[in-house]
Structures are given as structure tokens and as C-alpha cells.
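Please open the model in your viewer and keep the selection panel at hand. The tour below moves from one selection to the next and says what is to be found at each stop.

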Amino acid sequence: MPINTFYNEILTDHNLHPAHKHNLDDANLVLEGVNPSCGDDIVLQLKMNDDGVIEDGSFNGDGCAISQASADMMLDLVIGKKKEEALELADIFLRMIKGEITDEEKERLEEASSLEDISHMPSRVKCAVLGWHTMEELVEKHPKEEK
């Protein structure tokens with residue numbers, strides 16, 4: 001099936017060659033996310049400016065291919081975005097996993113939309129959403145700019 005091939009190619013590429021798996025020395029937001037049911041463990045590091053824009057991001061940790069690739073794809077999407085848009089993308093991703101999004105919303109997820117079929121693998125859902133939930137928790141803690 002072409003969709004499975006597309007999913008496998010993207011997942012494998014992000015797992016074997018993650019663009020964002022490294023330390024981010026100037027990160028000002030850091031949070032560990034753990035999936036105790038399967039051992040996935042990531043440390044998400046973001047650099048957010050005073051205007052709420054995620055200027056850079058990275059992750060480190062260990063886990064299955066799905067958790068690592070999903071975190072890498074998530075960072076591809078949220079770097080350069082304002083906090084509110086990053087949270088909106090997380091909401092879309094999480095609703096996609098539940099099968100509750102429109103085609104237009106799916107397009108906004110770019111490569112991360114290749115994980116849509118994870119919804120049919122309940123034991124893998126927590127793997128796919130780990131990075132997204134960690135990012136949500138991390139940016140929601142960031143104080144809003146007061147003007």
C-alpha cells in the first residue's frame with residue numbers, strides 16, 4: 001500500500017536521521033516526558049523568545065522509533081511558530097490520532113500526518129503523542145508577555 005510505504009519511509013528517516021536530536025545549550029524551557037508503559041523517555045528543550053516565538057528546539061532521550069520520529073516531526077512544525085500556533089498544531093495532531101480532524105487540518109501537520117494510522121494501534125498511541133504532550137506542558141508553563 002502506498003500510504004504504508006509513505007508512513008514507513010518518513011518514520012524511518014526521522015528515526016535514523018533526526019534533525020533535532022541534540023542538546024540545545026541556550027534552551028530556556030526544558031522538560032522531561034516519560035511513557036512508563038513502554039520506556040520512552042525524552043527531554044524536550046526549547047528556546048522561546050519574549051514574544052512567545054519558539055526560535056529553536058531539540059530533544060534527547062531513548063525510545064521506540066515512533067516516539068523519536070514523532071518528536072522530531074513535531075519540532076519541524078513548531079520551530080519558528082508562536083506559542084499559540086504550536087499549541088494549536090498539538091491540538092490538531094492529538095485530534096488526528098483520535099480520527100477527529102478535517103483534511104485541511106491534516107495538511108497543516110505536514111509529515112506528522114503520516115502518523116494518522118497510529119490510531120489503529122492503541123498500544124502505540126502513547127508513543128506518538130509523548131513529544132506533543134511534553135511540548136504542550138512546556139509552552140503552557142511559559143509566562144505570557146505582559147504589555
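Begin by selecting Glu137 and Lys141, whose side chains form a salt bridge with the closest N and O atoms 3.9 Å apart. Keep in mind throughout that this is a predicted model. The two residues are four apart in helix 5, so about one helical turn separates Glu137 from Lys141. Glu137 is partly exposed, with a relative accessible area of 42%, whereas Lys141 is exposed, at 55%.

Stay in helix 5, which covers residues 122-141, and select Thr134. Is Thr134 buried or exposed? At 4% relative accessibility, Thr134 counts as buried, and, leaving aside residues up to four places away in sequence, Thr134 touches Leu31, Glu32, Gly33, Ile42 and Leu44.

Those contacts are a reason to select strand 1 next, residues 29-35, where the side chains alternate. Leu29, Leu31, Gly33 and Asn35 point to one face and are buried, while Val30, Glu32 and Val34 point to the other and are not.

Add strand 2, residues 40-48, which pairs with strand 1 in the antiparallel sense over seven bridges. To check the register, look for Glu32 opposite Val43 and for Val34 opposite Asp41. The hairpin of these strands has four residues between them, and Gly39 there takes a positive phi near 90 degrees.

Extend the selection to strand 3, residues 54-62, which runs antiparallel to strand 2 and is joined to strand 2 by eight bridges. Here Met48 stands opposite Ile54, and the hairpin of strand 2 and strand 3 has five residues between the strands, with a positive phi of about 80 degrees at Gly52 in the turn.

From strand 2, pick Lys47, which forms a salt bridge with Asp26 at 3.1 Å between the closest N and O atoms. Asp26 lies in the loop between helix 1 and strand 1, so the pair ties together parts that are 21 residues apart in sequence. Lys47 is partly exposed, with a relative accessible area of 26%, and Asp26 is partly exposed as well, at 41%. Show Glu55 too, since salt bridges that share partners join Asp26, Lys47 and Glu55 into one network.

Now turn to the aromatic residues: how many aromatic pairs does the structure hold? There is one, a stacked pair of Phe93 and Trp132, with 4.3 Å from centre to centre and 5 degrees between the planes. Phe93 lies in helix 3 (residues 83-97) and Trp132 in helix 5, so the pair ties together parts that are 39 residues apart in sequence. Phe93 counts as buried at 0% relative accessibility, and Trp132 is likewise buried, with a relative accessible area of 0%. With residues up to four places away in sequence left out, the contacts of Trp132 include Ser70, Met74, Leu89 and Ala112.

Finally, widen the view to the largest nonpolar core, which has 40 residues; Leu44, Leu46, Phe93, Leu109, Trp132 and Met135 are those with the most contacts inside it. Among the elements that give two or more residues to this core are helix 1 (2-16), helix 2 (65-78) and strand 3, while helix 3 gives the most, with nine residues.

Key. Residues numbered from 1 in each chain as written. Predicted model: local features only at pLDDT ≥ 70, side-chain atom pairs only at ≥ 80, totals over all residues. Heavy atoms only, no water. Buried < 20%, exposed > 50% of the residue type's maximum accessible area, 1.4 Å probe, protein only. Contact = heavy atoms within 4.5 Å. Pairing = 2+ DSSP bridges. Phe/Tyr/Trp six-rings, centres within 6.5 Å; stacked < 30°, edge-to-face > 60°. Core = buried A, V, L, I, M, F, W, Y, C linked by side-chain atoms within 4.5 Å. Salt bridge = Lys/Arg side-chain N within 4 Å of Asp/Glu carboxyl O.
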